[in-house]
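Visitor: I am new to this structure and would like a close look at a single part of it, with enough of the surroundings to see where that part belongs.

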Amino acid sequence: MENKTYEIEIDGRIIPVTTKEVLDFYPKEYQLTEDDIRQYAAMYTARIKCYREYDGPLDAAYVRRLLDEERLMKNGESDGFRLQLDFRWYVELRKEDGPRVAPFKYAIEAYCLDNIQSFSRRYVSMEKALLHCLNGFNENATIPNRYKSIQDYLSKHPEQ
């Protein structure tokens, strides 16, 4: 397969990504064709390449700032941060408040920076969204969460 360069716009920036970069990121089991790369794989690889450049971690100072400024966040606005679990993640927290998504007010889109995992979830509050991130996206009821609340997290991580 010819090594082409695709220029993809992500967050208002043009991110160049090559066929080789796409094939290096996707496992061989995907057996990507040139059409697959053009239709979706180059875009996804460019997104991950862009998000790897973000360095703002989700820590106590960032949690406090988000919660303090929550009232200023307008519908559709988002904020992103890095999260280190077993893998590195980039998470985008977006305000989505309106009758179409009620009772939910926030959504997260999380992208693994080390492999092709991603997911989206909606939450009734910013605190619940952040807590899910801080608990490593735990959705298994038999595994206890590390933190029971945002206040629990903040009390265990004083001023950073």
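Which residues line the largest pocket?

Guide: Before turning to that part, please keep in mind that this is a predicted model. The largest pocket is lined by Leu85, Asp86, Phe87, Trp89, Gln117, Phe119, Gly136 and Phe137, and the space that lies in this pocket comes to about 180 Å³. When the residues of the lining are sorted by kind, five are nonpolar, two are polar and one is charged.

To place these residues, it helps to have the whole chain in view. The protein chain has five helices and six strands, and from the N terminus on its elements follow the order β-β-α-α-α-β-β-β-β-α-α. Along its principal axes, the C-alpha trace spans about 55 × 35 × 30 Å. Of the 160 residues in the protein chain, 42% are buried, while the area that the chain exposes is about 9600 Å², with carbon and sulfur atoms supplying 49% of it. Among contacts with a separation of 6 or more, 45% join residues that are 24 or more positions apart.

Two of the lining residues, Gly136 and Phe137, lead us to the end of one helix and the loop that comes after it. Glycine 136 comes just after α4 and takes a positive phi of about 65 degrees. Phenylalanine 137, which is found in the loop between α4 and α5, also has a positive phi, near 60 degrees, although this residue is not a glycine. Most residues other than glycine have a negative phi. Phenylalanine 137 counts as buried because its relative accessible area is 12%, which is under the 20% that marks the limit for buried residues.

Helix α4 itself, covering residues 126-134, is mostly covered, with seven of its nine residues buried. Those buried residues are Met126, Ala129, Leu130, Leu131, His132, Cys133 and Leu134. What covers them includes the helices α3 (60-68) and α5 (150-156), together with the strands β3 (78-84), β4 (88-95), β5 (106-112) and β6 (118-123).

One of the buried residues of α4, Cys133, deserves a further word. The structure holds zero disulfides, and cysteine 112 is accordingly in none, the nearest cysteine sulfur being that of cysteine 133, 14 Å away. Seen from the other side, the sulfur of cysteine 133 has its closest cysteine sulfur in cysteine 112, and the 14 Å between them is too far for a bond, because a disulfide calls for sulfur atoms within 2.5 Å. Cysteine 112 counts as buried because its relative accessibility is 0%, and cysteine 133 counts as buried at 0% as well.

Beyond α4, the chain reaches helix α5, where lysine 156 lies. Lysine 156 counts as partly exposed, at 48% relative accessibility, and, leaving aside neighbours within four places in sequence, this lysine is in contact with Arg146 and Tyr147. The C-alpha atom of lysine 156 is separated by 36 Å from that of alanine 46, a residue 110 positions away along the chain.

On the other side of the sequence from α4, the strands that help to cover this helix are joined by loops with details of their own. Glutamate 77 is found in the loop between α3 and β3, and it counts as partly exposed at 35% relative accessibility. Not counting residues up to four places away in sequence, glutamate 77 touches Leu72, Leu93, Arg94 and Lys95. In the loop between β4 and β5 we find proline 103, and the peptide bond that leads to this proline from alanine 102 is cis, with omega near 10 degrees. Most peptide bonds are trans.

A last backbone detail belongs to the loop between β1 (5-10) and β2 (13-18), which is the place of aspartate 11. Aspartate 11 has a positive phi, near 50 degrees, and is a residue other than glycine, as is phenylalanine 137 with its positive phi near 60 degrees. In their cover, however, aspartate 11 is partly exposed at 45% relative accessibility, whereas phenylalanine 137, back at the pocket where we began, is buried.

Methods. Residues numbered from 1 in each chain as written. Predicted model: local features only at pLDDT ≥ 70, side-chain atom pairs only at ≥ 80, totals over all residues. Heavy atoms only, no water. 1 Å grid on protein atoms, 1.4 Å probe; cavity = no way out; pocket = protein on both sides within 12 Å on 5 of 7 lines; lining within 4 Å. Points joined across faces, edges and corners; volume = space filled by probe spheres on them. Nonpolar A, V, L, I, M, F, W, Y, C, P; charged D, E, K, R; others polar. Buried < 20%, exposed > 50% of the residue type's maximum accessible area, 1.4 Å probe, protein only. Helix = DSSP H or I, 4+ residues; strand = E, 2+ residues; numbered from the N terminus. Contact = heavy atoms within 4.5 Å. Areas by Shrake-Rupley, 256 points an atom, 1.4 Å probe, with all protein chains shown as cover.
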